[in-house]
Amino acid sequence: MTTTKHGFEIRGLDVPRGAAPPTGRFGRMFPTLPARPATGLPLAERLGLPGGLMDGGDTTTQQDSPTLDAGFTFLGQFIDHNITFDATGNLGRQVDPEATTNFRPPMLDLDHLYGSGPFASPLLYDTRWHNTKLLVSPDGVDLARTAGGVALISDPRNDENLLLNQVHLAFIKFHNRVVDALMSGEITDVFGNRFPPPPADSNPNPPANASIADLLSVRTYWDDLFAAAQQVVRWHYQWITVHEYLPLVCGQDSVDSIDRDGLQFFDPAGNPFIPVEFAVAAFRFMHPTIRSDYTINDKHTLPLFPLNFDDPAPEDPHDRADLRGGAVAPEFALDFRHFFTIDGSRPQRAKRIEAKLNVRLLDLPPITDVPAEIGRQLRSLVVRNLLRSEVQQLPSGQDISRKIGQAPLTEAELGISGPAYLWYYILKEAELRHRGGRLGSVGALIVSEVLIGLLDADPISYRSTYPIWTPTLADGEGRFGMAELLRFAGVVAD
Ligand code: HEM
């Protein structure tokens, strides 16, 4: 397991300019466009420090998204961690100090849930179920943890905040429930085939009448069961990404145009990679959707972070006062009806997508290993995002807009002069063109092309293997989204 935090030290992010095909995990989507001319710290500070142009204060209901339920923010973070997680981690780094090669390709394959599978990541799995199920805490409301409190998950970033912890836990429970349902014959595999019940005799010794082929086979019933369950879980997750998440955040038209005309600007060409325009700008569009406080269940509404980071996180999880990561006590378990529309529930909304972030994100936990002169500035997520895009020499929003055939936003609309940071531009597009409910042309194109492109470049995704597949767990009306997943996982009460 790595100790990488969300957004910190991503391996291989330093991508050279130019039109050469990428050799690592990251590359460029618009390699021929020039870099936006650097403006340095002053503009980043003017926009990003508390009290600056992008300070949205504490979240109010007037800032609610017109369309997006709050839970989709954390589904987005879960998707982000899936594709920015590199299971080769530290080992790869030793053999590849420049971190340009030796990467696992980024795919929507839930490697942050499964690690490298039961054989190579056995600590994640439950031996009582022949390692077909993933571990959860004994009371079922938290991730499994070591005696020292470290979450037993493949990507430690998924324990960074309580909301993401609970989304990860819900996916574990979905997987475990799929295992049960396959074994009992309640559901089929992705192709509609029933899975046989477990062998009556779990004795590992082969029966006396076993054929030579049986004796040579190293696969067991439990291996096949795990593989079938993993495929059910992955394909349903990929379906939600394409059929629920992307239509909500990019618009159905973006997905339809890719199905009709193919990818226009993202060309993974059999070598899936993440464009920096996506990782450093477009897919950070969910930062403004984060609220400063969340109602997590009928009893508790908590702030994202403490007002003062000098206050240590309480030792006892029953004393939790904010949504920082770490152990979860039962009274702080999420009621997902406050996060997704489930059976007519009226969940809190995400904050709208706009060029303003809630003020708590402008005052992140102190960073210890940076020079004092810049330490204060780097506690602002806005400053970090803007400087990161400058370091990565991203093109301006206006240049990408022209490239994709759209007249760019004007300076008056943008509220700043000159070529705009791509991230800022994308947020302004959403704010001005869609009332902050979804992305505009540039943002939607980058996000939908990359996520669908990664699925199409993955030889075992549902889109590559069986493009006309529809969810085998869909409800009576053919619907399968987060509400149906959570219900099947048994994490919402009837
Ligand atoms: C409590 C919530 C969150 C916090 C505190 C947070 C914080 C951060 C930080 C500090 C960075 C690194 C910035 C840099 O130095 O370049 C980052 C990167 C990033 N964030 Fe977030 N973030 C949150 C939620 C999200 C969500 C909901 C998304 C949704 C898609 C997201 C997407 C990204 C992406 C794509 C990156 C760059 C790649 C990566 O490291 O994952 N973040 N975030």
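Helices here are DSSP runs of at least four residues, strands are runs of at least two, and both are numbered from the N terminus. One thing to keep in mind as you work: this is a predicted model.

**Exercise 1. Get an overview of the chain.**
Task: Find how many helices and strands there are in the chain, and what share of the residues is buried.

Solution:
- Step 1. Start with the elements: the chain has 18 helices and eight strands.
- Step 2. Now look at burial. Of the 494 residues, 56% are buried.
- Step 3. Turn to the outside. About 21,300 Å² is exposed, and 54% of that comes from carbon and sulfur atoms.
- Step 4. Finish with the contacts. Take those with a separation of 6 or more: 73% of them link residues 24 or more positions apart.

**Exercise 2. Work out how H2 and H6 are arranged.**
Task: Decide whether H2 and H6 are roughly parallel or roughly perpendicular, and say which residues meet.

Solution:
- Step 1. Locate the helices: H2 covers residues 71-84 and H6 covers residues 162-184.
- Step 2. Check the axes. They come within 9 Å and cross at roughly 70°.
- Step 3. Angles of 65 to 115 degrees count as roughly perpendicular, so that is the label for H2 and H6.
- Step 4. List who touches whom. From H2 you have Phe74, Leu75, Gln77, Phe78 and His81; from H6, Leu163, Leu164, Val167, His168 and Phe171.
- Step 5. Sort the residues of this contact: seven are nonpolar, three are polar and none is charged.

**Exercise 3. Compare some salt bridges.**
Task: The whole structure holds 26 salt bridges. Take three of them and say whether the partners are buried or exposed.

Solution:
- Step 1. Recall the cut-offs: buried is under 20% relative accessible area, exposed is over 50%, and partly exposed lies in between.
- Step 2. Try arginine 128 and aspartate 126, whose side chains meet at 2.7 Å, N to O. Arginine 128 has 67% relative accessibility, so it's exposed. Aspartate 126 has 8%, so it's buried.
- Step 3. Next, aspartate 322 and arginine 324, with their closest N and O atoms 3.1 Å apart. Both aspartate 322 and arginine 324 are buried.
- Step 4. Then lysine 428 and glutamate 431, at 3.0 Å, N to O. They sit three residues apart in helix H15 (residues 422-434), so about one helical turn separates them. Lysine 428 is buried at 12%, while glutamate 431 is partly exposed at 25%.
- Step 5. Last, a network: Asp475, Glu477, Arg479 and Glu484 are joined by salt bridges that share partners.

Methods. Residues numbered from 1 in each chain as written. Predicted model: local features only at pLDDT ≥ 70, side-chain atom pairs only at ≥ 80, totals over all residues. Heavy atoms only, no water. Axes fitted to C-alpha atoms, helices over the stretch in contact; angles between N-to-C directions. Parallel < 35°, antiparallel > 145°, perpendicular 65-115°, else oblique. Contact = heavy atoms within 4.5 Å. Nonpolar A, V, L, I, M, F, W, Y, C, P; charged D, E, K, R; others polar. Buried < 20%, exposed > 50% of the residue type's maximum accessible area, 1.4 Å probe, protein only. Areas by Shrake-Rupley, 256 points an atom, 1.4 Å probe, with all protein chains shown as cover. Salt bridge = Lys/Arg side-chain N within 4 Å of Asp/Glu carboxyl O.
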